[in-house]
Amino acid sequence: MLTLIGPVAQLLPLTHLPDRGPIGDDQLRIIYNGALLVRGNTIVAVDTYDQLDQTLGQFRQPNEEIKRWEPESASTLIPGFIDCHTHICFAGSRAKDFALRNAGSSYLEIARAGGGIQDSVRSTRLAKETELAELTFSRAMQALRSGVTTMEVKSGYGLDLPNELKQLRAIHTANRPDGPDLIPTCLAAHVVPKDFEGSPAAYLDMLVDFVLPQVVNYLQNEFLSSSTEGVAYSKQLRSRCDIFIEQEAFTPELAKAYLLRAKAMGFDLTVHADQFHPGGSQVAVEVGALSADHLEASGSREIELLAKSNTVAVALPGASLGLGVGFTPARKLLDAGAILAIASDW
């Protein structure tokens with residue numbers, strides 16, 4: 001069936017825009033009194049409403065039904081947002097952390113005292129898988145109401161094999177046809193859990209030897225090959241792996257070795273980089289990561305490295321607001337010719 005959607009006051013296809021550097025308003029193509037022609041889940045054509053209405057016969061297949069859908073009020077139509085960095089699969093609350101920060105404690109001080117990520121780990125481990133799935137789906141639907149149609153979702157609050165897989169299964173369950181498309185990322189290398197008796201290097205070895213093989217099998221055989229009405233994943237989409245490079249997490253040297261081993265196992269890579277101290281973005285570029293995320297502490301050297309690479313710089317302004325720290329130097333990254341994305345860090 002063909003569906004003609006429109007007319008809308010303004011339609012912005014956002015096509016033919018550069019990946020790198022700043023984008024000016026004069027580069028945007030705006031179709032006034034625009035419309036979409038859709039077959040199933042595929043956009044067949046974009047043009048003015050009058051033009052598509054007059055040329056429907058060119059697109060119609062033999063005996064194909066034509067449906068028309070007109071918005072109730074004047075609208076602006078743009079592609080759905082992609083939120084490429086989220087942590088929406090979790091239980092518990094960080095309200096206490098926020099109060100401590102307002103009282104003067106830093107993120108690192110709170111983390112060293114057992115708050116932050118470790119607090120979320122405790123709550124997430126205690127939560128049932130069904131509870132995690134419902135929490136994740138509820139948050140995804142809230143994002144959908146704001147126009148987000150695709151979300152990356154990290155694990156990283158399990159930090160052992162049973163609980164990392166529990167999180168990934170919960171993300172899978174929350175990936176429902178009526179919600180945004182959810183893309184899973186394994187963040188088992190978030191921090192070293194409090195109950196692990198060993199060094200950060202030993203923990204990463206354990207992940208490579210025991211956790212990642214199970215995770216990649218699950219993601220490839222279950223999640224990424226699944227297909228339901230309205231939700232279909234390409235068999236070419238590979239597993240994703242992330243690591244937090246920071247003082248209370250993992251050093252750049254350990255992280256680079258871990259990421260290269262994960263890459264050899266077939267994982268695509270992304271990195272929590274330069275949030276409080278520089279060093280992570282260099283690792284991301286050196287291992288060919290898809291993205292380096294946070295970058296609040298990035299300086300001129302890091303900006304130059306990212307601008308010369310194909311690694312996407314991901315700004316997370318919500319983290320800056322929540323933590324009371326500086327923002328990612330987004331304008332400097334754009335002016336240097338970097339590829340920039342903005343995500344929520346929810």
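Two residues are in contact when their heavy atoms come within 4.5 Å. Keep that cut-off in mind as you work through these exercises on a predicted model.

**Exercise 1. Find what Asp 119 touches, leaving aside its neighbours within four places in sequence.**

Solution. Start by locating the residue: Asp 119 belongs to helix H5, which covers residues 117-126. Next, check its surroundings. With a relative accessible area of 22%, Asp 119 is partly exposed, since buried would require a value under 20%. Now apply the contact rule: Asp 119 is in contact with Ser 93 and Gly 114. Finally, look along the chain to Tyr 157, which is 38 residues from Asp 119; the two C-alpha atoms are separated by 9.0 Å.

**Exercise 2. Work out the strand order of the open sheet and say which strands stand at its edges.**

Solution. Trace the sheet from one side to the other. Its eight strands come in the order S6-S7-S8-S11-S12-S13-S14-S15, and the pairing is parallel. The edges are strand S6 (81-83) and strand S15 (340-342); each has a single partner strand, so one side of each lacks a neighbour in the sheet. On average, neighbouring strands are turned by 25° against each other, direction ignored.

Now pick one pair to inspect. Strand S7 (residues 148-154) and strand S8 (residues 181-189) run parallel and are joined by five bridges. In this pairing, Lys 154 stands opposite Thr 185 in S8. Then add the helix: H7 (residues 161-174) packs on the sheet and touches both S7 and S8, and its direction makes about 170° with that of S8.

**Exercise 3. Decide whether the faces of strand S12 are covered or open.**

Solution. Begin with the whole strand. S12 spans residues 268-273, and six of its six residues are buried. Then take one face at a time. On one side are Asp 268, Thr 270 and His 272; on the other are Leu 269, Val 271 and Ala 273. Every one of these residues is buried, which leaves both faces covered. As a last step, look at a partner: S11 pairs with S12 in the parallel sense over five bridges, and Ile 243 stands opposite Val 271 in S12.

**Exercise 4. Identify which residues of the largest nonpolar core touch the most other members.**

Solution. A general idea helps first: in soluble globular proteins, nonpolar side chains tend to be buried together. Here the largest core has 69 residues, and Ile 243 and Tyr 258 touch the most other members. Helix H8 (residues 200-223) gives the most to this core, with 10 residues. Next, follow the contacts of Ile 243, not counting residues up to four places away in sequence: they include Leu 187, Leu 204, Phe 250, Tyr 258 and Val 271. Another core, of eight residues, lies apart from it, with Leu 2, Leu 37, Leu 52 and Leu 56 among its members.

**Exercise 5. Classify the aromatic pairs in the structure.**

Solution. A search of the whole structure finds two such pairs. For Phe 196 and Tyr 203, the ring centres are 5.3 Å apart and the planes meet at 75°, so this pair is edge-to-face. Phe 196 is partly exposed, at 23% relative accessible area, whereas Tyr 203 is buried at 0%. Tyr 203 also pairs with Phe 250; that pair is stacked, with 6.2 Å from centre to centre and 10° between the planes. Compare their places in the chain: Tyr 203 is in helix H8, while Phe 250 is in the loop between strand S11 (240-244) and helix H9 (252-264), 47 residues apart. Joining the steps, Phe 196, Tyr 203 and Phe 250 form one aromatic cluster.

**Exercise 6. Describe the unusual backbone angles at Leu 159 and His 294, and the peptide bond between Gly 6 and Pro 7.**

Solution. The background is that most residues other than glycine have a negative phi, and most peptide bonds are trans. Leu 159 has a positive phi, near 60°; this residue sits in the loop between S7 and H7 and is buried, at 1%. His 294, in strand S13 (residues 291-294), has a positive phi of about 105° and counts as buried at 2% relative accessibility. Lastly, the bond joining Gly 6 and Pro 7 is cis, with omega about 5°, and Pro 7 is found in strand S1 (residues 2-11).

How values were computed:
Residues numbered from 1 in each chain as written. Predicted model: local features only at pLDDT ≥ 70, side-chain atom pairs only at ≥ 80, totals over all residues. Heavy atoms only, no water. Pairing = 2+ DSSP bridges. Helix = DSSP H or I, 4+ residues; strand = E, 2+ residues; numbered from the N terminus. Axes fitted to C-alpha atoms, helices over the stretch in contact; angles between N-to-C directions. Core = buried A, V, L, I, M, F, W, Y, C linked by side-chain atoms within 4.5 Å. Buried < 20%, exposed > 50% of the residue type's maximum accessible area, 1.4 Å probe, protein only. Phe/Tyr/Trp six-rings, centres within 6.5 Å; stacked < 30°, edge-to-face > 60°.
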